[in-house]
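Work through the exercises below with the sequence and the model open. Try each task before reading its solution.

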Amino acid sequence: MKENQPLHTSQTSDEVPLRPGLEGVPVTRSAICDIDGLQGKLSYRGYSIAELTAQSSFLETSYLLIWGNLPNPQQLRDFEKEIQMHRRVSFRVRDMMKCFPASGHPMDALQSSAASLGLFYSRRAIDNPQYVYDAVVRLIAKIPTMVAAFQLIRKGQDPIQPRDDLAYSANFLYMLTEREQDPLAARIFDKCLILHAEHSLNASTFSARVTASTLTDPYAVVASAVGTLAGPLHGGANEDVLTMLETIGSPENAGSYLDQAIAKKQKIMGFGHREYRVKDPRASILQELAEELFARFGSDEMYEVAKALEKEAEPRLGSKGIYPNVDFYSGLVYRKLGIPRDLFTPIFAISRVSGWLAHWREQLGTNRIFRPSQIYKGEQNRKWLPPEQRNTTNLQNPQI
Ligand code: ACO
């Protein structure tokens, strides 16, 4: 079929193949992120992820992703300053968060609070460059504050205010843990944010672009992406990886765990990726960062289990192209940084908001509302019957 050739509603299953999960179906052109899934290469705007992690900062990388080029020194200073100035969240948002159940998942709290920002900045002037810039700054600035605030609120404490003398990542760790962290911890955390900032049309970014394509406000775009990221097949996997490693318990159990899981057709969390047939390059960098942390702050016995699992998985799953993904080692890094397990995915969101915003801008540049088609397989021409004449067996049909 030719590019952009319209389909007609009369074209159905015989002519258009069904593509569940849209695997291999291009739905946009993008200049933001390139993945070579066979060679295990990833770049943002043409810069390799390895170089950005080694040289850049999360805010500089965010600027690159969203505006297309690395900032000059003045642009970077201005961007950092603007973000620093917008870190605080309204007392109304904090009060709203205090009404959330303490037992609720922090991703649900984040989705609600991100959406609530739309109530405060609701002009929807998405064709105004200043509105776009302000929305980018507000979202990157306020999402970490909201994640840290919920952590303290659910412990029965008041959130603490951001500290202007601390850089982005150091400030987040301070707001979360209520103490200033070792600079190495803040530096490694910042690198983790770079690694998670963007990854082309993954589920949450696609969700962001679908929402963006309706021309709604950027807070709704980010809120919908947060909801999508929460699931265990996407960002939620890094929580499950640690649980799995603890279940395995020790390195010598890794092989038998894999054999049983594969026999039961269970997914190994933190393994596999739609785009990669080799080890995810982000997993390799995260593994190095984990080792740097362990060298400084002491090892984690679960790291030995993780390495054994990776080694044992190679002969069992490698031929299918299933290797560790970004979620496999990130949980071990965050655990060493003292971050609670159910905050791993919100931290992913803190980082990925840059990618979502880059895609939001790109979508607006060439927008066409997303409206895929379906192949209808349901009933036709049914007649309405009064309740007492209905056959109720269908109500038990789980397909409906
Ligand atoms: N463990 C064991 N087998 C796997 C795994 C895994 N983690 N992932 C894929 N497979 C197998 C499937 O069983 C299937 O085998 P089959 O062809 O014999 O039936 C084959 O590989 C294809 O699997 P799909 O689920 O169809 O692959 P898909 O591209 O749809 O899934 C996904 C990608 C969702 C990431 C998958 O690998 C998975 O569920 N992984 C575990 C969860 C996870 O780690 N998610 C985080 C991904 S990274 C991120 O989102 C940030």
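The exercises that follow go from the ligand site to helices, cysteines, backbone angles and single residues.

This is a predicted model, in which local features need pLDDT of at least 70, side-chain atom pairs count only at pLDDT 80 or more, and totals for chains, interfaces and linings use all residues. Residues are numbered from 1 along each chain as its sequence is written, and side-chain values use heavy atoms, with hydrogens and water left out.

**Exercise 1. The ligand site**

Task: describe the shell around the ligand and find its polar contacts.

Solution.
- Step 1. Collect the residues near the ligand, meaning those with a heavy atom within 4 Å of it. There are 18 residues around the ligand, and Lys267, Ile268, Phe271, Arg274 and Lys320 come nearest.
- Step 2. Sort the shell by class. It holds 8 nonpolar, 6 polar and 4 charged residues. Here Ala, Val, Leu, Ile, Met, Phe, Trp, Tyr, Cys and Pro count as nonpolar, Asp, Glu, Lys and Arg as charged, and the others, Gly among them, as polar.
- Step 3. Look for polar contacts (a pair of N or O atoms within 3.5 Å). A polar backbone atom of Ile268 is 2.8 Å from a nitrogen atom of the ligand. Oxygen atoms of the ligand also take part: one lies 2.7 Å from a polar side-chain atom of Arg274, and one lies 2.9 Å from a polar side-chain atom of Asn325.
- Step 4. Check the cover. The ligand taken alone exposes 920 Å², and the protein buries 69% of that (Shrake-Rupley method, 1.4 Å probe).

**Exercise 2. Asn325 in its surroundings**

Task: place Asn325 in the fold and list what it touches.

Solution.
- Step 1. Locate the residue. Asn325 sits in the loop between helix H14 (301-317) and helix H15 (326-336). Helices (H or I, at least four residues) and strands (E, at least two) are DSSP runs, numbered from the N terminus.
- Step 2. Read its accessibility. At 9% relative accessibility, Asn325 is buried. Buried means under 20% relative accessible area, exposed over 50%, and partly exposed in between (1.4 Å probe, protein chains only).
- Step 3. List its contacts (heavy atoms within 4.5 Å). Not counting residues up to four places away in sequence, Asn325 touches Gly270, Phe271, Gly272, His273, Asp280 and Ala283.

**Exercise 3. Two covered helices**

Task: what covers the buried residues of H7, and what do those of H9 pack against?

Solution.
- Step 1. Count in H7 (residues 168-177). Of its 10 residues, 9 are buried, so H7 is largely enclosed by the rest of the structure. Among them are Tyr168, Phe172 and Met175.
- Step 2. Find the cover. It includes helix H2 (58-67), helix H3 (73-85), helix H6 (129-154), helix H8 (183-196) and helix H16 (344-365).
- Step 3. Turn to H9 (residues 203-212). Here 7 of the 10 residues are buried, including Ser204, Arg209 and Ala212. The buried residues pack against helix H10 (218-229) and H16.

**Exercise 4. Cysteines**

Task: why is Cys33 not bonded to Cys192?

Solution.
- Step 1. Apply the disulfide rule (cysteine sulfur atoms within 2.5 Å). The count comes to 0 disulfides.
- Step 2. Check the distance. The closest cysteine sulfur to that of Cys33 is in Cys192, 17 Å away, too far for a bond.
- Step 3. Compare the settings. Cys33 is buried, with a relative accessible area of 13%. Cys192 is also buried, at 0% relative accessibility.

**Exercise 5. Positive phi**

Task: where do Arg45 and Ser200 lie?

Solution.
- Step 1. Recall the background. Most residues other than glycine have a negative phi.
- Step 2. Take Arg45. Its phi is positive, about 50°, although it is not a glycine. Arg45 lies in the loop between strand S2 (41-44) and strand S3 (47-48), and is partly exposed at 22% relative accessible area.
- Step 3. Take Ser200. Its phi is also positive, about 50°. Ser200 lies in the loop between H8 and H9, and is buried at 18%.
- Step 4. Add Glu178. Just after H7, Glu178 has a positive phi of about 65°.

**Exercise 6. Asp164**

Task: how far is Asp164 from Phe271, and which residues does Asp164 contact?

Solution.
- Step 1. Place it. Asp164 is in the loop between H6 and H7, partly exposed at 42% relative accessibility.
- Step 2. Take the distance. Asp164 and Phe271 are 107 residues apart along the chain, and their C-alpha atoms are separated by 39 Å.
- Step 3. List the contacts. Leaving aside neighbours within four places in sequence, Asp164 is in contact with Gln84, Arg87 and Arg88.

Note on methods. A polar contact is a pair of N or O atoms within 3.5 Å; within protein, one must be able to donate a hydrogen and the other to accept it, and residues adjacent in sequence count only if both atoms are side-chain atoms.
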